[in-house]
Amino acid sequence: MRQGQWETVIGLEIHVQLATRSKLFSGAPTAFGAEPNVQACAIDLGLPGVLPTINGEAVKMAVKFGLAAGATIARHSVFARKNYFYPDLPKGYQISQYELPIVSGGGIEIELDDGARKRINLIRAHLEEDAGKSVHDAFQAMSGIDLNRAGTPLIEIVTAPDLRSAREAVACMRKVHTLIRYLGISDGNMQEGSFRCDANVSLRPAGSTTLGTRTETKNLNSFRFTELAIEHEIERQRELLEVGQAITQETRLYDPERNETRPMRSKEEANDYRYFPDPDLLPLELDPETIETIRRDLPELPDARCGRFLRDYGLSPADSQQLAGARELADYFEAAVAAASGEAKLAANWIMGELTAALNRNNLGIGQCPIDAARLAGLILRIRDRTITGKAGKEVFDAMWESDLEADAIIESRGLRQVTDTGEIAAMVAETVAANPAQAEQYRNSPAEKRVKLIGYFVGQVMKKSRGKADPQQVNDLLRSLLEK
Amino acid sequence: MAFENEQIAGIARLARLGLRESELTAYNRDLSRILEMIEAIRGVDAATIEPLAHPLEISARLRADKITETDQRDKFLAIAPSTSAGYYLVPKVIE
């Protein structure tokens, strides 16, 4: 079969660490970066005689996700033991949910490369505890085990096999990432492992409706690695299938250094987790009032906010999407617009242009931006009322970035006010034309289409003379009338 | 007997039990008898019975999200067979 005759089928399992203070079943802290094992208590260690008790906040966060994804929230759900042996799993089982998860169904919408939207169905999202971490290179012939993360609450979000390419998979992952950060249920920090994903990938002949044999690639902890790993896996499977070989159903690990996936030795045996209801834990019951209260407290969600930016502020779809893509950025934008008398277009341009560039240069997030929304609005207002030119605005912006000064103070102290005195500008225009007789002559002898380029030369000269303070449009008009006299 | 000895070996592997080849048949016999008991339960008509997750008819009480545990690492490390620099040490596991 030739290339292009295979259809890719991908489903994701996304693990989201919930932003609770304490663990899912114990009162030990969950903060990242502590000394090894100082945040692992007797319950997390699975010592005899301990009893897990569920963290209500983690339950609430899982419900928030379910409601935001339009899913069904189970009035009755059950915790189960998933049994396997690994050194960073002290109890020999992970407390998870199996037959009756807290969230079922629902879906999210992703935007495809061509701008079309596609719904990705969710199968379920369940609550479970995280495992600890193994350190392999620090101890000779031994592995070090840090159980601080053991028992940290997660939701595992399982998508339907609705994704058809690595790009779609990453778009889906990004959408979930945006959503959980909007909901405030996770910090989504991928470097720290708060948001990671396993990808189930299979191929089938185009047009077929049965699923091919899949592999599961584990622990993808960046958007880029997810895309690369899935692309690699698609290619690997295609090569096997095209020479008539079968795909082995197995768990694979992505190696970013070699950009390849390889089978995980510890998972060679088919998964047999022997789930059963955890006798230590009572079923989780949620009454409809509790669920409704959580629903009422949901923030405005990314899609709704994007739609509102489009409608109320008249932004382009791309701009709306970008600004609504992160809650802090959207909040900043709206605060700036409110403080700048509703000047949305300029605010959007400055935030996505100069501000984002400066943040990126300095490796800062919008939360650490040295210019707050009100101060940026001060600058936008002066550009809008033509006190300064856009060019001078950049100088003001840089000065604001380096200081606590307001735009007005910088404009005054640096004398950046736009020259609006027509007489003063007219004088500069006249001087410039007089100083460049050859160019003026050339302009007059040129056809209209060449004049555009020539007048640019003069505008540049006048702007330089005015140190960027003249209104370029006004200069343009004055030049034309003088040169075409 | 209900199992092949190979299946018994597989179950033992999952449970990390080091059974000798010679023990497989005895374990097979015991496990098969347990399975026979389960078969008897299978005979009961359970179509109208809700699956039971817990024998008590009460539900989980939700705990407040508060840190209530203090660091007792030194005590826990003291009862572990091997530790270093605050870590528990185990024979090397590598993926």
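Is Ile34(B) buried, exposed or partly exposed? Select the residue and take a look: Ile34(B) is partly exposed, with a relative accessible area of 44%. Keep in mind along the way that this is a predicted model.

**Stop 1: a patch on chain B**

With Ile34(B) still selected, show the helix around it: that is helix 2 of chain B, residues 24–42. Now add Leu35(B) and Ile38(B) to the selection. Together with Ile34(B) they make up a nonpolar surface patch, and the accessible area of the three comes to about 220 Å².

Next, go to Arg20(B) and Glu23(B). These two form a salt bridge, with 3.8 Å between the closest N and O atoms. Arg20(B) counts as exposed at 55% relative accessibility, whereas Glu23(B), at 23%, is partly exposed.

**Stop 2: Thr83 of chain B**

Stay on chain B and pick Thr83(B), which sits in strand 1, residues 83–84. Its relative accessible area is 36%, so Thr83(B) is partly exposed. Switch on its surroundings: beyond the neighbours within four places in sequence, Thr83(B) is in contact with Leu77(B), Tyr88(B) and Leu89(B). If you want a distance to try in the viewer, go C-alpha to C-alpha from Thr83(B) to Val93(B): you should get 16 Å for a pair 10 residues apart in sequence.

**Stop 3: salt bridges in chain A**

Side chains of opposite charge can pair when their charged atoms come close. Over all chains, the count of salt bridges is 45.

Start with Lys118(A) and Glu168(A), whose side chains meet in a salt bridge at 2.8 Å, N to O. Lys118(A) belongs to strand 8 (residues 117–129) and Glu168(A) to helix 3 (residues 166–183), so this pair ties together parts of chain A that are 50 residues apart in sequence. Colour by accessibility and Glu168(A) comes out as buried, at 13%; the cut-off for that label is under 20%.

Then select Asp130(A) and Arg149(A). Here the closest N and O atoms of the salt bridge are 3.3 Å apart. Both partners are in loops: Asp130(A) between strand 8 and strand 9 (133–135), Arg149(A) between strand 10 (142–146) and strand 11 (153–159), with 19 residues separating the two in sequence. Asp130(A) is buried as well, with a relative accessibility of 6%.

For something more connected, select Glu109(A), Glu111(A), Arg117(A), Lys175(A) and Asp303(A). Salt bridges with shared partners join these five into one network. Hold on to Lys175(A) and Asp303(A), since both turn up again at the next stop.

**Stop 4: two helix crossings**

Show helix 3 and helix 6 (residues 302–312) of chain A as cartoons. Their axes come within 10 Å and cross at roughly 90 degrees, so the two helices are roughly perpendicular to each other. Which residues meet at this crossing? From helix 3 there are Lys175(A), Thr178(A), Leu179(A) and Tyr182(A), and from helix 6 Pro302(A), Asp303(A) and Arg305(A).

Move along chain A to helix 14 (residues 437–444) and helix 16 (residues 472–483). These pack at an angle of about 80 degrees, their axes 10 Å apart, which makes helix 14 roughly perpendicular to helix 16. On the helix 14 side, select Ala440(A), Tyr443(A) and Arg444(A); they meet Arg480(A), Leu482(A) and Leu483(A) of helix 16.

**Stop 5: Ser194 of chain A**

Zoom in on Ser194(A), in the loop between helix 3 and strand 12 (195–205). Is Ser194(A) buried or exposed? At 2% relative accessibility, Ser194(A) counts as buried. Setting aside neighbours within four places in sequence, its contacts are His15(A), Val16(A), Gln17(A), Ser186(A), Asp187(A), Gly188(A) and Asn189(A).

**Stop 6: two positive phi angles**

Most residues other than glycine have a negative phi. The last two selections go the other way.

Arg274(A) is not a glycine, yet its phi is positive, at about 45 degrees. Find Arg274(A) in the loop between strand 15 (260–263) and strand 16 (276–277) of chain A; with 33% relative accessibility, Arg274(A) is partly exposed.

Finish at Arg386(A), where phi is again positive, near 60 degrees. Arg386(A) sits in the loop between helix 10 (373–384) and helix 11 (390–402) of chain A, and its relative accessible area of 46% makes Arg386(A) partly exposed.

Definitions and conventions: Residues numbered from 1 in each chain as written. Chains lettered and ligands numbered in written order. Predicted model: local features only at pLDDT ≥ 70, side-chain atom pairs only at ≥ 80, totals over all residues. Heavy atoms only, no water. Salt bridge = Lys/Arg side-chain N within 4 Å of Asp/Glu carboxyl O. Helix = DSSP H or I, 4+ residues; strand = E, 2+ residues; numbered from the N terminus. Buried < 20%, exposed > 50% of the residue type's maximum accessible area, 1.4 Å probe, protein only. Patch = residues over 30% accessible without salt bridge, like charges linked within 9 Å, V, L, I, M, F, W, Y side chains within 5 Å. Areas by Shrake-Rupley, 256 points an atom, 1.4 Å probe, with all protein chains shown as cover. Axes fitted to C-alpha atoms, helices over the stretch in contact; angles between N-to-C directions. Parallel < 35°, antiparallel > 145°, perpendicular 65-115°, else oblique. Contact = heavy atoms within 4.5 Å.
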